[in-house]
Amino acid sequence: MLRDITLGQYYNTSSPLHDMDPRTKILGVIFYMVVLFMASSVWEYALAALFTAFVIKLSRVPISFITRGLKPLVMIMGFTLALNLLMTSTGNELFHWWIFRVTDDGVALAVKMAVRLVLLVMGTSLLTLTTSPIALTGGIERLLSPLSRIGVPSHEIAMMMSIALRFIPTIMEETDKIIKAQTSRGADFESGNLIQRVKAMIPILVPLFAGAFRRADELAVAMECRCYNGGAGRTSLRELRFRRIDAMALIVGVVLLAAMIGLKILAAGGIA
Amino acid sequence: MIKAENLSFSYESEGAEVKVFENLNIEIKDGEFVAVLGHNGSGKSTFAKHLNAILVPKSGKVTVYGIDTADESRIFELRKNVGMVFQNPDNQIVATVVEEDVAFGLENLGVPRDEMRQRVDEALNTVRMYGYRKHAPHLLSGGQKQRVAIAGILAMEPRCIVLDEPTAMLDPIGRDEVMETIRRLNREKGITIVLITHYMDEAVKADRCIVMDRGRIVMDDSPQNIFPRVEEVRALGLDVPQATELVWELKRRGLNVETGALRSAQAVEAILKMYENERTK
């Protein structure tokens, strides 16, 4: 059902990764991406893959849950694979077909890109899988808060995100109702070409937007009634605490980065 | 004490001035349970919005616990004391977790975390939703959502709660849950309740009913004194409670029954008494 959809697919269980401070995890993902884009040799990729496997194991999220997230990316991955395979002109030619030349360099590059994409998606999806949306917005707010001094509305950004998350299921439910109401009046959403189908969406979108504006208005009044006055002087029920596990995670991150740089120096030494 | 003196309000629509009400005078005592009745356009909702300065008087004055609602510097003090619950439970819940939503008002007021935790738990216990504190609000029933909304207000420890048709979108079970909660808050915690409603079966539970019609107060009395005046009430476009209607209809058709019942138990009693009288005659 539409209302069961949760954004970001939070997987509720207990694990060291779930226990971490959302700030650590957000920083960790940024770190992870840097490391991943630094990787170039087979050994460096192996290190990154090993680390990813370790973190997945640590998260206690079933691997099937994580690979499911890869499905929507099959198209992009196929496209990247084909592009790298066919457009690389350096290296030794393996075979020739029409105007395309497939080289060993091309194959290596294509495989590396595919592995990088898979690791990237699996690693980053762990952030949303192990962090509830509300903890995530809380973490983002706190991470952005130093920037509020230079005018970044960090509290407002976090508030907008959490309200958006709150209203996704409500709006989904409403969309469902509108579709049923319009279908019962004889609206047809299933037949016709693409343009006709897009046009058929208008009777859904108009009431949906009108409804969303009405909701926004009512919510704003309700928030004011509960003394909402922006971020200044606000306290929070949720406590963010930097614990030993967070320190450990950051140390692991630094070790990983050091190992990656070590591998690079070794490789450079090998060439010289 | 809540006091409205010579309160007038109007809005502009297509260049013309539409008067909602004029020279309204209402006084609500501490701990009272007041139902405000009236059909659509009677001004009851607009009046409610004056009680915590969502609207400020065009002329006249509203004083709530000594605070003039037009005084913008004391608006948070005012809203802390007068909480408001609206019709649509979905459009007043801010957070994605029940307890976070209950804490919203306290977070805004800058209450320290330990105290907040305690007040949130207490409010959830009072509305009997503590077991749902970690739930996502969109998976709750309408009555449960509305109780969460009430808990969010309750955590701020208000002296008065204004409810603007809180049961209009609920099923009968949800309606009972909400009404039971409201009554308990009034009886046990002594919180002043202003209930805007068009369900007469809810109005009979109040200590006092204020009936509004086209911006005027036409009746202001206890439900026991208002509803037996069936014809007058109906002329104002309102219903009477079913029990009241039943005994009134019986009387009108020539049976010697005592009118004035507000609840079904009272109607049953009146009818039994009528038979008793017939027999002993």
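Leaving aside neighbours within four places in sequence, which residues is Pro158(B) in contact with? Keep that one in mind while we look around. What you have in front of you is a predicted model, and we can start with the spot the question points to.

**A proline in a loop**

Pro158(B) sits in the loop that links helix H5 (142-154) to strand S7 (160-164) of chain B. Now for the answer: apart from those sequence neighbours, Pro158(B) is in contact with Lys80(B), Asn81(B), Val82(B), Gly83(B), Ile153(B) and Ile191(B). Take Gly83(B) from that list: along the chain, Pro158(B) and Gly83(B) are 75 residues apart, yet their C-alpha atoms are separated by 6.1 Å. Is Pro158(B) buried or exposed? Pro158(B) is buried, because 21 other C-beta atoms lie within 10 Å, and the cut-off for being buried is 20 or more.

**A lysine to set beside it**

Over in chain A, Lys264(A) is part of helix H11 (residues 244-271). Lys264(A) counts as partly exposed, because there are 16 other C-beta atoms within 10 Å. Pick Asp188(A), 76 residues away along the chain, and the C-alpha atoms of Lys264(A) and Asp188(A) turn out to be separated by 59 Å. Here are the two pairs, side by side.

| Pair | Apart along the chain | C-alpha separation |
|---|---|---|
| Pro158(B) and Gly83(B) | 75 residues | 6.1 Å |
| Lys264(A) and Asp188(A) | 76 residues | 59 Å |

**Chain B as a whole**

Zooming out, chain B has eleven helices and ten strands. Its radius of gyration is 21 Å, close to the 19 Å that the globule rule gives for 281 residues, so chain B is as compact as a globular protein of that length. Along the principal axes, the C-alpha atoms of chain B fill a box of roughly 70 × 50 × 35 Å. Of the 281 residues in chain B, 46% are buried. And if you take the contacts in chain B between residues at least 6 apart in sequence, 60% of them join residues at least 24 apart.

Some of the strands of chain B make an open sheet: four of them, in the order S2-S1-S4-S5, with antiparallel pairing. The edges are strand S2 (16-28) and strand S5 (67-68) of chain B, and each of these pairs on one side only. What holds strands together in a sheet? Strands pair through backbone hydrogen bonds, either parallel or antiparallel. At the S5(B) edge, two bridges join strand S4 (residues 59-64) of chain B to S5(B), and Val64(B) has Ile67(B) as its bridge partner.

**Chain A, and where the chains meet**

The domain assignment splits chain A into domain 1 (1-131 + 242-272) and domain 2 (155-240). The C-alpha centres of these two domains of chain A lie 34 Å apart.

Chain A has a hairpin too, made by S1(A) and S2(A) with two residues between them. In the turn, Trp98(A) has a positive phi of about 50°. Strand S1 (residues 93-97) and strand S2 (residues 100-103) of chain A run antiparallel and are joined by four bridges, with Glu93(A) standing opposite Thr103(A).

How many residues does each chain bring to the contact? Chain A brings 27 residues and chain B brings 32 residues. On the side of chain A that touches chain B, helix H7 (133-144), helix H8 (154-184) and helix H10 (202-225) each supply at least two residues. H10(A) gives the most, with seven residues. By type, that side of chain A divides into 13 nonpolar, six polar and eight charged residues.

Definitions and conventions: Residues are numbered from 1 along each chain as its sequence is written. Chains are lettered from A and ligands numbered from 1 in the order in which they are written. This is a predicted model: local features need pLDDT of at least 70, side-chain atom pairs count only at pLDDT 80 or more; totals for chains, interfaces and linings use all residues. Two strands pair if DSSP finds at least two bridges between them. Two residues are in contact if their C-beta atoms, placed from the backbone, lie within 7 Å. Ala, Val, Leu, Ile, Met, Phe, Trp, Tyr, Cys and Pro count as nonpolar, Asp, Glu, Lys and Arg as charged, and the others, Gly among them, as polar. The radius of gyration is taken over C-alpha atoms; the globule rule is 2.2 Å times the number of residues to the power 0.38. A residue is buried if 20 or more other C-beta atoms lie within 10 Å of its own, exposed if 12 or fewer, and partly exposed in between; C-beta atoms are placed from the backbone. Domain bounds come from an automatic or database domain assignment.
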